[in-house]
Amino acid sequence: MFSGRRPRSLGVNDGRLASCGRRLNCVSSQAAPDDAQRYVAPIRFSGSAAEAIAASRRAVESMQRARVVSVEGNYLHAEFRSRLMGYVDDVEFTYDAKAGVLHVRSASRLGRRDYGVNRSRVEALRARLK
């Protein structure tokens, strides 16, 4: 199993999820919009923070090899494990009620590239949240 260690940088700090930095195996709705490698659009959601996080939880739990690790207020952290080698990716949501969006970040713990897995996962979650 190649689960790696859970990053200490997870969570919300001043309304923001951790930066992807220079990593090529991470996507975030809080990355610079002109960063085509790392930026994904936030997920539109109208409702309360509790409704947004509950919907996010249902979306995560509807996917294979996923588990919700923690839910605190307007924040959710989940782990997705790859089928063959057991690689773990961390997915985070935070709800910005003022903007009416769920910000999302999906990042692999190990490796340098993810071959589009994190972006595809975010788009699958987006489809489940519509």
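Phe-2, Leu-84, Met-85, Tyr-87 and Leu-110 make up a nonpolar surface patch with about 490 Å² of accessible area together. A patch takes residues with over 30% relative accessible area and no salt bridge; nonpolar side chains (Val, Leu, Ile, Met, Phe, Trp, Tyr) are joined within 5 Å, like charges within 9 Å. Accessible areas come from the Shrake-Rupley method with a 1.4 Å probe, and for residues only the protein chains shown count as cover.

The model is predicted: local features need pLDDT of at least 70, side-chain atom pairs count only at pLDDT 80 or more, and totals for chains, interfaces and linings use all residues. Residues are numbered from 1 along each chain as its sequence is written, and side-chain values use heavy atoms, with hydrogens and water left out.

**The patch around Tyr-87**

Tyr-87 sits in the loop between E4 and E5. Helices (H or I, at least four residues) and strands (E, at least two) are DSSP runs, numbered from the N terminus. Tyr-87 has a relative accessible area of 36%, which makes this residue partly exposed. The classes are buried (under 20% relative accessible area), exposed (over 50%) and partly exposed (in between), with a 1.4 Å probe and protein chains only.

Phe-2 belongs to the segment before E1. Phe-2 is partly exposed, at 37% relative accessibility. In sequence, Tyr-87 and Phe-2 are 85 residues apart; in space, their C-alpha atoms are 4.8 Å apart. Contact means heavy atoms within 4.5 Å. Neighbours within four places in sequence aside, Tyr-87 is in contact with Phe-2, Phe-80, Arg-81, Ser-82 and Leu-110.

**Salt bridges**

Side chains of opposite charge can pair when their charged atoms come close. The criterion here is a side-chain nitrogen of Lys or Arg within 4 Å of a carboxyl oxygen of Asp or Glu. The whole structure holds nine such salt bridges. Three of the pairs are tabulated below.

| Pair | Closest N to O |
|---|---|
| Arg-6 and Glu-79 | 2.7 Å |
| Arg-38 and Asp-35 | 3.1 Å |
| Asp-90 and Arg-109 | 2.8 Å |

The Asp-90 and Arg-109 pair links distant parts of the chain: Asp-90 is in strand E5, Arg-109 in the loop between E6 and H2, 19 residues apart. Asp-90 is buried, with a relative accessible area of 1%. Arg-109 also counts as buried, at 16%.

In the pair of Arg-6 and Glu-79, the side chains meet at 2.7 Å, N to O. This pair too links distant parts of the chain, with Arg-6 in the segment before E1 and Glu-79 in strand E4, 73 residues apart. Arg-6 is partly exposed, at 43% relative accessible area. Glu-79 is buried, at 7%.

Arg-38 is buried, with 12% relative accessibility. A network of salt bridges links Arg-6, Arg-67, Glu-79, Asp-90 and Arg-109.

**Helix H1**

H1 has 13 residues and reaches 18 Å from its first C-alpha to its last, close to the 18 Å expected at 1.5 Å a residue. The expected span is 1.5 Å times one less than the number of residues. Ala-52, Ile-53, Ala-55, Ser-56, Ala-59 and Val-60 are the buried residues of H1. They cover an arc of only 160° around the axis, so they lie on the same side of H1. The arc is that of the directions from the helix axis to the C-beta atoms. An α-helix has 3.6 residues a turn, so residues three or four places apart point the same way.

Exposed residues Ala-50 and Arg-58 are carried on the face of H1 turned away from its buried side. The buried residues of H1 pack against strand E3 (66-72), E4, E5, E6 and H2.

**Helix H2**

H2 covers residues 117-129; its 13 residues should span 18 Å at 1.5 Å a residue, and its end C-alpha atoms are 18 Å apart, which agrees. Buried in H2 are Asn-118, Arg-121, Val-122, Leu-125, Arg-126 and Leu-129. Seen down the axis of H2, these buried residues fall within an arc of 140°, so they line one face of the helix. Their cover includes strands E1 (26-28), E2 (43-44), E4 (75-81), E5 (88-96) and E6 (101-108), along with helix H1 (49-61).

**Positive phi**

Most residues other than glycine have a negative phi, and most peptide bonds are trans. Asp-14 has a positive phi, near 55°. Asp-14 lies in the segment before E1 and is exposed, at 77% relative accessible area. Tyr-115 also has a positive phi, near 55°. Tyr-115 is placed in the loop between E6 and H2 and counts as exposed, at 77% relative accessibility.
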